[in-house]
Amino acid sequence: MSEKSRPVLDIAVGILRCENEICLSLRQKHQSHADHWEFPGGKVEQGELIDTALKREFIEELGVQTDNWQPLITIPWEYEKVSVRLHVYQSYDFVGTPYGKEGQRVRWFDQSELQGITFPDANKGILTALELGDKYAISGKFANAEDFSAKLNNVLNDGVKLIQLRAKGLDVAEVRKLAQENIGAVHKAGAKLMLNGTPELLAQTQADGIQLASNQLFAYDTRPVAKDKLLGASTHNPEEIDQALKIGADFILLSPVLPTQTHPDMEALGLDAFRELVAEIPVPVFALGGMKTELLNEAKNHGAQGIAAISAFWR
Ligand SMILES: Nc1nc2c([nH]c(=O)n2[C@@H]2O[C@H](COP(=O)(O)OP(=O)(O)OP(=O)(O)O)[C@@H](O)[C@H]2O)c(=O)[nH]1
């Protein structure tokens with residue numbers, strides 16, 4: 001059967017958390033992806049809700065009662081033999097001590113250990129989703145370097161963990177200087193700094209990654225930054241999304257979701273079309289364009305990792 005026509009298995013995947021730790025189980029020898037760690041879960045039965053499936057699987061496989069499952073990300077993935085859609089939820093709410101009821105190894109890992117663990121391939125987007133938070137601030141106007149730092153500080157004080165340094169009017173040396181002057185404050189706040197710039201610029205700074213503009217995406221055939229750096233891709237349509245995924249983007253910005261003053265000439269997608277596009281994307285997607293913090297939950301309900309914005313955060 002061709003990949004396109006075969007049925008898609010809906011899988012409920014549960015990230016059970018206890019403070020900074022996450023419960024994983026080891027897939028067994030007779031299973032696909034033997035000896036890979038996974039977030040516990042399993043196939044959703046016909047007509048079953050995802051959180052009902054998770055409650056059932058955690059009782060059946062780990063002997064714990066769970067509750068309050070919240071959606072994190074949905075990952076469509078084509079394995080060689082099977083097409084799956086992972087519905088990934090997380091919860092802190094459980095009663096009992098998880099153990100391998102089916103003989104599988106079960107262990108708690110600190111979240112910082114997850115990058116070094118062997119998971120099935122589809123899980124890459126889950127790890128990024130856990131790392132990024134749900135607000136992505138993009139820098140707007142600023143008067144000088146001091147004003148930039150003050151505005152950045154406001155963003156960090158608001159608890160934003162992902163920030164893009166975007167300063168179209170400055171030359172590369174000035175952007176590099178701004179990045180280097182501010183990276184300490186960003187990291188101290190537990191946040192990450194993305195540069196709107198090239199891989200060459202990234203290599204000259206301690207920033208955490210680059211955000212490629214949509215017209216830059218087609219300049220590359222392969223991932224242009226190292227695995228331990230973040231690659232964000234700005235997109236507006238399926239063609240750009242495909243190219244972003246082809247070059248290994250860790251996350252995507254999709255815009256304009258709602259009408260925005262920054263790009264008054266572009267037609268907004270609307271949240272429903274946004275949801276349809278996001279459903280086919282196996283990495284986190286931030287909604288950009290007309291986004292305000294009041295719209296965060298609505299964006300998430302339409303499949304977004306969160307919202308990206310200039311004016312909502314930069315003041
Ligand atoms: N529970 C879980 N499944 C995952 C994860 N990542 C991932 O790709 N999957 C895939 O989702 C499917 C899980 O289905 P399942 O858990 O009911 O499958 P199974 O134990 O009967 O094993 P099977 O894959 O041999 O049929 C598998 O194809 C598995 O590889 C994950 O983190 N947790």
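**Exercise 1. The ligand shell**

Determine which strands each supply at least two residues of the shell around the ligand, and state how the shell divides by residue class.

*Solution.* The model is a predicted one. Begin with the strands: at least two shell residues come from each of strand 1 (8–18), strand 4 (41–43) and strand 7 (83–91). Next, consider the shares: strand 4 gives the largest, with three residues. Then take the shell as a whole, which holds 17 residues, the closest being S32, E38, G41, G42 and P120. Finally, sort the shell by class: nine residues are nonpolar, six are polar and two are charged.

**Exercise 2. Two backbone features**

Identify where D35 lies and where P256 is found, and describe the backbone at each.

*Solution.* Start from the general expectation: residues other than glycine mostly have a negative phi, and peptide bonds are mostly trans. D35 is not a glycine, yet its phi is positive, at about 65°. This residue, D35, is placed in the loop that runs between strand 2 (21–26) and strand 3 (37–38). Turning to P256, the peptide bond that leads to it from S255 is cis, with omega near -15°. The loop holding P256 lies between strand 15 (251–254) and helix 7 (271–278).

**Exercise 3. The barrel**

State how many strands close into a barrel, in which order, and whether the pairing is parallel or antiparallel.

*Solution.* The barrel consists of eight strands, closed in the order 10-11-12-13-14-15-16-17, with parallel pairing. From one strand to the next, the twist averages 25°. To inspect one pair, take strand 11 (residues 162–165) and strand 12 (residues 192–195): they run parallel and are joined by four bridges. Within this pair, L165 has L195 of strand 12 as its bridge partner.

**Exercise 4. Domains and overall dimensions**

Describe the contact between domain 1 and domain 2, and explain why the protein counts as being as compact as a globular protein of its length.

*Solution.* First, fix the bounds: the domain assignment gives domain 1 as 8–122 and domain 2 as 133–309. Their centres, taken over C-alpha atoms, are 29 Å apart. Each domain contributes six residues to the contact. On the domain 1 side, five of these are nonpolar, one is polar and none is charged.

Next, consider the whole protein, whose secondary structure comprises eight helices and 17 strands. Its radius of gyration, 20 Å, is close to the 20 Å given by the globule rule for 315 residues; therefore the protein is as compact as a globular protein of that length. Along the principal axes, the C-alpha trace spans about 60 × 40 × 35 Å.

Key:
Residues are numbered from 1 along each chain as its sequence is written. This is a predicted model: local features need pLDDT of at least 70, side-chain atom pairs count only at pLDDT 80 or more; totals for chains, interfaces and linings use all residues. Domain bounds come from an automatic or database domain assignment. Two residues are in contact if their C-beta atoms, placed from the backbone, lie within 7 Å. Ala, Val, Leu, Ile, Met, Phe, Trp, Tyr, Cys and Pro count as nonpolar, Asp, Glu, Lys and Arg as charged, and the others, Gly among them, as polar. Two strands pair if DSSP finds at least two bridges between them. Axes are lines fitted to C-alpha atoms, for helices over the stretch in contact, and angles run from 0 to 180 degrees between N-to-C directions. A residue is near a molecule or strand if its C-beta atom, placed from the backbone, lies within 6 Å of it. The radius of gyration is taken over C-alpha atoms; the globule rule is 2.2 Å times the number of residues to the power 0.38.
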